[in-house]
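Visitor: Hey, can you walk me through this one? Keep it simple, please.

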Amino acid sequence: MEQAAAQSLHPETWGLTRAEEGLCLEGKALAGLADRWGSPLFVIHAGRLAENVRRFQQVPQGRTRGAEIFYSYKTNPIPAVLQKLSELGAGAEVVSPYELWLALRLGVAPGRIIYNGPGKTPGIARTIVQSELLLTHLNHREEIALVAQAAEEFGKKPNVGLRVATSDSWSGKFGVPIAGGQALAAYEEALAHPSLRVVGLHAHRGVAIEDARTLERFVREVLAFCDTLHSRLGLAVEMLDLGGSLAVPTVLPLDASSLPLAERVRRRLSIEQYLALLFERVEDHFRRAGRPTPRILLEPGRAMTGNTQMLLCRVSSLNEAGAGPSHAILDAGENIAHILHREYHEIFHAERWGDSPGGTYTLDGPTCSPMDSLRTTIELPRLRPGDTLAIMDAGAYLVSFSNSFCFPQPGIVILDQGRETLVRRAETYEDMIARDLHAGGAA
Ligand SMILES: Cc1ncc(COP(=O)(O)O)c(C=O)c1O
């Protein structure tokens, strides 16, 4: 990714402005946020979160209705974010008893919850059935009898769908492949259970959808399978759940593309383009088939929250020995931002963005792992200990995968029209041993 490292996107892309004290969001200097709340620190941009929900909920031009949105909880499981999403009208896509508990605790109505994921046990099946959710997706054949049995036990008839794997989606433990008739056989089996209302179809690509061609190929395969279900089993899918996977335009794969960064970002599908194309394909398909268009359900994760959050961190020290770039050792590393091993995220110098480059750096985390490096080569203004860096697009799969390896986890602040609210305090050392039963120490 040397190419991308040599370029940079503009801070305006995220609504950041430049002032004397450095980069600011809604008039608040990023460095000041880190001063007040500590570093490292996640900062959520409430305005952008609301904007993303609105964009996903928009009715695409020329259509009579839009998609029903169920945010994928695992993507950024911060209760304050999930609560806000719910208040804005997004439902919840959950994959574990904990996530289901959390959604219900946050006041999400069961009719706005989809239960997904592999690994359902008889206990989980009972919880799901008793909760009377909008829809439960059965991940593979064994789950059919499991949920059917729980439904019989409680005399209920839950809405279910089956998760299918297309030729280019995640597969393996995820779903039943359409290929080879396996998904069709699974549907046949599910339909034979009178305790199940088989109304849904679930397909989540998993691998990011970055362009129109990829989306079209994926949707085409799913729609062809809807036809197979109708012609072979007489099943008209009522709820078509096309999962998540839409890429965040400003998060790029770590490849060797020589295209300018801004051009690569420009080519990415926007939320609007994604919805327009998806609705066009689905509605045209069912119109031509002479069957009613099913409800379209989506489970966006990264595209909903990825660009609504940043991670502020600080330079702890510099190791300038040896050949090659100087090593800037930060107070955040793979313990918080491991996803930077796989993705290019924009990184700004918060105090001196726009100054001429003062050096080429490797950005390392503070832990004692040789893997703990966030960027091998980046040009930045001359770094000094205490400088603040802003890692952008930190709202997907950073908090979820953060751990307390050597260091406590950061606090989280929401910035809403210039008002700062701490929504998760930083982990303390006491928190880190709170669950340990023999941690008496010297009294
Ligand atoms: C079933 C399901 N739906 C939705 C999502 C959200 O995916 P993404 O963040 O790619 O939109 C995931 C994440 O892997 C998932 O497993």
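Guide: Sure, we'll start with the ligand and then turn to the domains. Just know that this is a predicted model, where local features need pLDDT of at least 70, side-chain atom pairs count only at pLDDT 80 or more, and totals for chains, interfaces and linings use all residues. Residues are numbered from 1 along each chain as its sequence is written, and side-chain values use heavy atoms, with hydrogens and water left out.

Visitor: Okay, which residues come nearest to the ligand?

Guide: S245, E299, G301, R302 and Y397, out of 16 residues around the ligand (having a heavy atom within 4 Å of it).

Visitor: And how far is the side chain of Y397 from an oxygen atom of the ligand?

Guide: An N or O atom there is 2.5 Å away, a polar contact (N or O atoms within 3.5 Å). For H204, the distance to a ligand oxygen is 3.4 Å.

Visitor: How much of the ligand's accessible area does the protein cover?

Guide: 96% of the 390 Å² the ligand has on its own (Shrake-Rupley method, 1.4 Å probe).

Visitor: New topic: what are the domains?

Guide: Domain 1 is 2–45 + 307–429 and domain 2 is 46–306, with bounds from an automatic or database assignment. Their centres, taken over C-alpha atoms, are 32 Å apart.

Visitor: How many residues does the contact take from each domain?

Guide: 33 from domain 1 and 31 from domain 2, counting heavy atoms within 4.5 Å.

Notes:
Polar contact = N/O pair within 3.5 Å; in protein donor to acceptor, adjacent residues only side chain to side chain.
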